[in-house]
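Dear colleague,

I am handing over the structure below, and my notes on what was found in it follow directly after.

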Amino acid sequence: MSGENAINFEHYGEPEHHVYALICPKCGKRFYPSVLICDVCHTRRNPFASAGNAPPEWEKEILEGPCTLLSWTRVFALPEGFTVKSLDFCIVEFPNKLRASGRLEAENPEIGMPLIAHVEIVNEKVNMDHYGFIFSRENYN
Amino acid sequence: MIPDELEKKNRPPELDLCAYPSKSIILASEERMVVRQCERKEVGALLEAVFPLIQVKTHYYDLVAARMAAELLGWYHYRIANLFALAGVIDGEIAGLVTSRLVDEKLGMSLHTIAIRRGLRVGAHLFAAKMEHHFDFLKQEEVWVIVESPVGLKRLMIEYALLDRAAEYPAIRHESGGVPTHVLTRENYEAARERMVAGARPLDAALAESAAILRPPAAYPQIPGYTRI
Amino acid sequence: MRKVCVVGIGHTVFGNLHHLDLVDLMGHASLNALEDAGVLAERREIVDQVFVANMGAGRVNIQSAIASALVSRIGLESCMAEAVENGPASGASAVKLGVMAIKSGMADAVLVTGGEMMNAVTRWISTDFVASMLHHEAEYAYGMTLPSLAALFTRLYMQRYGVTERDLALIAVKSHENAAKNPYAHLKTPCTLEAICESDGADHANPIIADPLRLYGICPVSDGAASLLLCAEDSPKMRHFTKPPVTISGIASATDTHCVHLRADPLILDAVRLAAERAYTMAGLTPRDISFAELHDAFVILELAIAEEAGFFERGTAHLALRRDETRVNGRLPINTSGGLKAKGHPLGATGVSQIYELVKQLRGQAEPERRVRDPKHGMAVNFGGFGNNVVVTICSR
């Protein structure tokens, strides 16, 4: 099939999992997590624009790679659904000054240390796996 | 008393158990809780401490208290083999109790834990002391565990990484009720020991003296208005 | 603008009350407030509006439309009634709406009742339920909880301002000491600095829950209810009330980013500062005028951070005042004389109402003698929703 009404079969491929920053199309400010209006130039984002085949108005930029540890904790009282003894969480800052929270997997963490952000499954649920940030010292696969 | 022949046949053969060395634990209230092994002659005081809780339906106190009372009576009357009971004692008053027994040299059968004082981690300390006795002093390989309260079970599964042996039911089933069983292995105990097992030894003479005579609690947070008659 | 007074106060004990019914609990506190005001029998004629503060009834207790249930349970039909949900700040939000209803002229007398029954479910489920107020994609999905955010905040705060574990333990000791004298408190057992911080056994008596926060640095999961009867000072209904009125001289709220990591400086609690500034302006007061405060210490570090944002101390110095005993009952600025959330307990929807209950009790001179503030004129309550993203500040005056 070809032509304007061609069905887009890309949705049936193996999905790639990333966390994205959104870039305001007017002033270029980056946001993570997403917002519906730019706090600098007040440009709106249409939440319906990325549905179906419509091109998103706001460009997406993969948010991964080097970052710096701002604070961390090891939590022993986890909520329902997490059966491990403890998990480590942290806040990091990327070179573009965006910050993010997520899972920390690094021995002997220290505030200010360099980390690498990867995206992996962080919450396993049947048909509802959540992919998110894991911050570690090294790249791993 | 020398048991007659029939009575003798009724009594189980017993292993020679080493004694649990007493220790003291500082609670958040700064009270010192002595954890020490109980003797058979103290069963009366232990029963006095446990019996009022049979009327408390919440948190399975009724079931655990009834079972513990039966275990203590079984121990007293020589109808349970290799049982040991540890008491948590604050200023001479029983703050909590644990019971357990050895199936053989390698396998322990954790029976019950009761915390009478609340909010000071008494139950957590006493369960840890029970496991300490099984693994560190009695040198056992694994201990089978059941917990009546699902919340308590989940907590132990997380804190001690208990193994779920429910799939091996009925080959593996706990003596208390024959329910599916969880297992604490030596490896998992050793991984949890530093975080879970508290206390200092040796016990100083004054503390040992304060816990020498067990006194049942005067009040129970589980039973508002309780007065011991 | 009409002045709004608190003319009746009611409270239940806080604790693990899961064997009781949530609506009964809230009803009991409500009737206590009406009785305190001396209008139990006349309640239908007095109360124009009921606001019910609650966060989890719909999910935890499977009880929706709780305001209608409460009104009917205590025989208050046919007053107006609505429920208010604003996370852990629901209580003070409901009081704020009560004040707005009276000032607008839509009501003369408003009953505000907050209540929560968290122990109806396991700790894991209640932890998950409370965590659901975090940003779903960027925080909650990872398993992060309120204690997680508080721990991230605490580590940074300790590093920047030199706050020590001992300081955090001092707050817990002070709160437990006050709670032990409060008949409604959840945790009445005192703790000592030696036992939870300085002894060899401290790691076991006070284990780490969310590093660097320990067990005694975090509030318990509590059930309970509290209630206030508010009335316009110019209303003819005022003649019915038997207790000296306490004025709500200032009440305001402010919001901040949903995600903590989005804040330019994660240690700055803008919503606390702004809500406090707005409340001071409304009351015509300054931080120096405040005689005592109830601050939202769900995590002990917040007692320090909120006190600084509210203007009581320079940033990064509240722990020095703590060390000098300035925030004890007999100190220059007593904080959390009730035991605070840390030891009195934190039944989410009830907390903001309970804080104002404490202000009124102290301003009336009715607090238990051992924890009574000397001659207070103005008290402040800070009720903190989310991790500082929706904060309500109330000032009560004698």
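In this predicted model, strand 2 (residues 32-37) of chain B runs antiparallel to strand 3 (residues 83-90) of chain B, the two being paired over five bridges. Within strand 3 of chain B, Ile90(B) is the residue that stands opposite Met33(B). The wider setting is an open sheet of eight strands in chain B, with mixed pairing and the order 1-2-3-4-5-6-8-7; its edge strands, each pairing on one side only, are strand 1 (23-26) and strand 7 (163-164) of chain B.

Two helices of chain B lie across strand 3, strand 4 (93-102) and strand 5 (107-115): helix 2 (residues 43-50) runs at about 110° to strand 4 of chain B, while helix 3 (residues 61-76) runs at about 125° to strand 5 of chain B.

Turning to the interface of chain C and chain A, the contact involves 31 residues from chain C and 29 residues from chain A. Together the two chains bury about 2600 Å², of which 61% is on carbon and sulfur atoms, and Tyr142(C), Leu152(C) and His261(C) supply 29% of the area that chain C buries against chain A, more than any other three residues. Zero salt bridges are found across this interface, whereas the count of residue pairs in polar contact, both at pLDDT 80 or more, is 13. On the side of chain C that touches chain A, helix 7 of chain C gives the most, with six residues, and the residues of that side divide into 17 nonpolar, eight polar and six charged.

With best wishes

Key. Residues numbered from 1 in each chain as written. Chains lettered and ligands numbered in written order. Predicted model: local features only at pLDDT ≥ 70, side-chain atom pairs only at ≥ 80, totals over all residues. Heavy atoms only, no water. Contact = heavy atoms within 4.5 Å. Buried area = accessible area lost by both parts, 1.4 Å probe. Salt bridge = Lys/Arg side-chain N within 4 Å of Asp/Glu carboxyl O. Polar contact = N/O pair within 3.5 Å; in protein donor to acceptor, adjacent residues only side chain to side chain. Helix = DSSP H or I, 4+ residues; strand = E, 2+ residues; numbered from the N terminus. Nonpolar A, V, L, I, M, F, W, Y, C, P; charged D, E, K, R; others polar. Pairing = 2+ DSSP bridges. Axes fitted to C-alpha atoms, helices over the stretch in contact; angles between N-to-C directions.
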